[in-house]
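Here are my notes on the model you sent over. Have a look at the fold yourself before reading on.

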Amino acid sequence: MLRRVLQQASIPRHISHTFFAPRLSYSSPFLLRKCSSSSSEIPQSSFVEHLDDKNQTTPQPPATISVDRSGLYNPPEHSHEPSSDSELVKHLKGIIKFRGGPISVAEYMEEVLTNPKAGFYINRDVFGAEGDFITSPEVSQMFGEMVAVWAMCLWEQMGQPKRVNLVELGPGRGTLMVDLLRGASKFKNFTESLHVHLVECSPALQKLQHQNLNCVDEEPTPDKTDKKTVSTLAGTPVSWHAALEQVPSGVPTIIIAHEFYDALPVHQFQRASRGWCEKMVDVAEDSKFRFVLSPQPTPATLYLAKRCKWATTEEVAKLEQIEVCPKAMELTKTIAERISSDGGGALIIDYGLNGVVSDSLQAIRKHKFVNILDDPGSADLSAYVDFASIRHSAEEASGHVSVHGPITQSQFLGSLGINFRVEALLQNCTDEQAESLRTGYWRLVGDGEAPVWEGPEEQAPIGMGTRYLAMAIVNKKQGVPVPFQ
Ligand SMILES: C[S@@+](CC[C@H](N)C(=O)[O-])C[C@H]1O[C@@H](n2cnc3c(N)ncnc32)[C@H](O)[C@@H]1O
């Protein structure tokens, strides 16, 4: 199957002028979301005020939560002078003021990214050279094509069902789905079974996805009152939803989540002399945002206790900070339940760790790391994905699913045949396109700086092959998915 798919994959994008041209501009200097190899490159915004941790000499037991009642919150007076604050900053300050206390880092992150009026993703295209960062599907068409191979192999293992919901969570510009559908378009039995469901919170990105998938809106007929949208790339119906729960159930389902989990809000906890305290976002006397520690246990403490139970005592004991993502746990539960009842599987690709994540939250604006609290809404916020927590959440949610991986992106793409694909594409391209293909290939599967790079040193492509990980959650009926055997 693999070789057949790779040979038959539809016309490579480099033949199409419109699709290939932008790729050349992404080749080097633009930031993938996890290009930083050391935390020292990231502006240190994680400074927490009012920490009183000097007396601590021995580590506390991992999941101990104690309460400090001395630091009762005292909101600063707000000036009535006109401010130059953005709408989002005013909104965040308003929540803090009317709530009468600081908000969690998770609430801050969620507002910054997805506030319906002014969230980072809501009103614009944030990807590519003109945007803030790029992602693997934007780097090379080969990424989406390899995901197409994965989905088709799973569909075969599912017994080639006649109807399948193909769901993508957070499709960005829709590039992965475009490459997937183009790559699979010769496999009519597969594409004819599909109904594509895109889970996207941003109206601006929904519009872009509609455009990039070459969608046409069919007029409602007297017998069908619902508007039907079809992607002309492979003749598949396409629907948009705000959340996975809204995707109709009862049909076998294939779910793809590429760089979606890293955008889910994380709670941050810090070890203090009084035990684990949640890091919160507050407004300082000078009206700027600052971090403080919660004086008392917060509701997210329940998730901290749950996450610590899944870890070894040694793992937690060496950490001074922990990030916990309840939304990732809940999403995984929804995925596992859906796959359990309807059949199918999910593919999660993201940067992260197969274990507890300590302190990874970062902000990127215009391809540069910036302070997390600086001008919220103008920079992307993202955090490492805790793959171990995904595994535990899925296994806890259902006994009918099995979890595979994580394996590195390099192993995943390599096993699916990216080497054959790049060779096939190189057979028929210009020198410039060849360089772009090689650079893209390195960024997807390489590790560190590309070994043979003739361009300016500061533009050397950085391989993401080992920092990005792939995990699959499948219905046990399907057996072990390719290439996790
Ligand atoms: C980092 S981008 C990844 C885009 C795409 N998967 C790619 O790899 O190019 C995150 C995507 O998820 C969407 N998103 C973020 N949070 C979301 C949420 N809570 N619900 C729905 N979509 C969300 C964003 O609008 C964006 O499309």
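The points below go from the whole chain to the ligand, then to single elements and residues.

1. Ground rules. This is a predicted model, where local features need pLDDT of at least 70 and side-chain atom pairs count only at pLDDT 80 or more, while totals for chains, interfaces and linings use all residues. Numbering starts from 1 along each chain as its sequence is written.

2. The chain overall. The protein chain has 16 helices and 21 strands; these are DSSP runs numbered from the N terminus, with helices being H or I of at least four residues and strands E of at least two. Of its 485 residues, 47% are buried, meaning that 20 or more other C-beta atoms lie within 10 Å of the residue's own (exposed is 12 or fewer, partly exposed is in between, and C-beta atoms are placed from the backbone). Among contacts with a separation of 6 or more, 77% are between residues 24 or more positions apart; a contact here is two C-beta atoms, placed from the backbone, within 7 Å.

3. The ligand shell. The ligand is surrounded by 19 residues, with Tyr-121, Thr-135, Gly-170, Gly-172 and Cys-201 the closest; the criterion is a C-beta atom, placed from the backbone, within 6 Å. By class there are 10 nonpolar, six polar and three charged residues, where Ala, Val, Leu, Ile, Met, Phe, Trp, Tyr, Cys and Pro count as nonpolar, Asp, Glu, Lys and Arg as charged, and the others, Gly among them, as polar.

4. Where the shell comes from. Domain 1 (2-37 + 125-264 + 328-478) and domain 2 (45-121 + 266-297) each give at least three residues to the shell, with bounds from an automatic or database domain assignment. Helices H4 (105-114) and H5 (136-139) each supply at least two.

5. The strands around E10. Strand E10 (residues 275-283) pairs antiparallel with E2 (residues 103-104) over two bridges, with E9 (residues 267-272) over four, and with E11 (residues 289-293) over five; pairing takes at least two DSSP bridges. To find the registers, look for Ile-103 opposite Val-281, Arg-271 bridged to Trp-276, and Met-280 bridged to Val-292. The E9–E10 hairpin has two residues between its strands. The E10–E11 hairpin has five, and there Ser-287 takes a positive phi near 75°.

6. Helix H12. Its 17 residues (326-342) span 24 Å from first C-alpha to last, close to the 24 Å expected at 1.5 Å a residue; the expected span is 1.5 Å times one less than the number of residues. Several H12 residues are buried, including Leu-331, Ile-335 and Ile-339. Right after H12 comes Gly-343, with a positive phi near 85°.

7. What surrounds Ala-151? This residue of helix H6 (residues 141-157) has 23 other C-beta atoms within 10 Å, so Ala-151 counts as buried. Beyond neighbours within four places in sequence, Ala-151 contacts Leu-166, Leu-180 and Ile-254.

8. Backbone oddities to check. There are cis peptide bonds at Gly-405–Pro-406, omega about 10°, and at Val-482–Pro-483, omega about -5°. Pro-406 is in strand E18 (residues 401-408), whereas Pro-483 is in the segment after strand E21 (468-475). Lys-366 has a positive phi near 50° and lies in the loop between E14 (362-365) and E15 (368-370). Asp-375 has a positive phi near 45° and lies in the loop between E15 and E16 (380-382).
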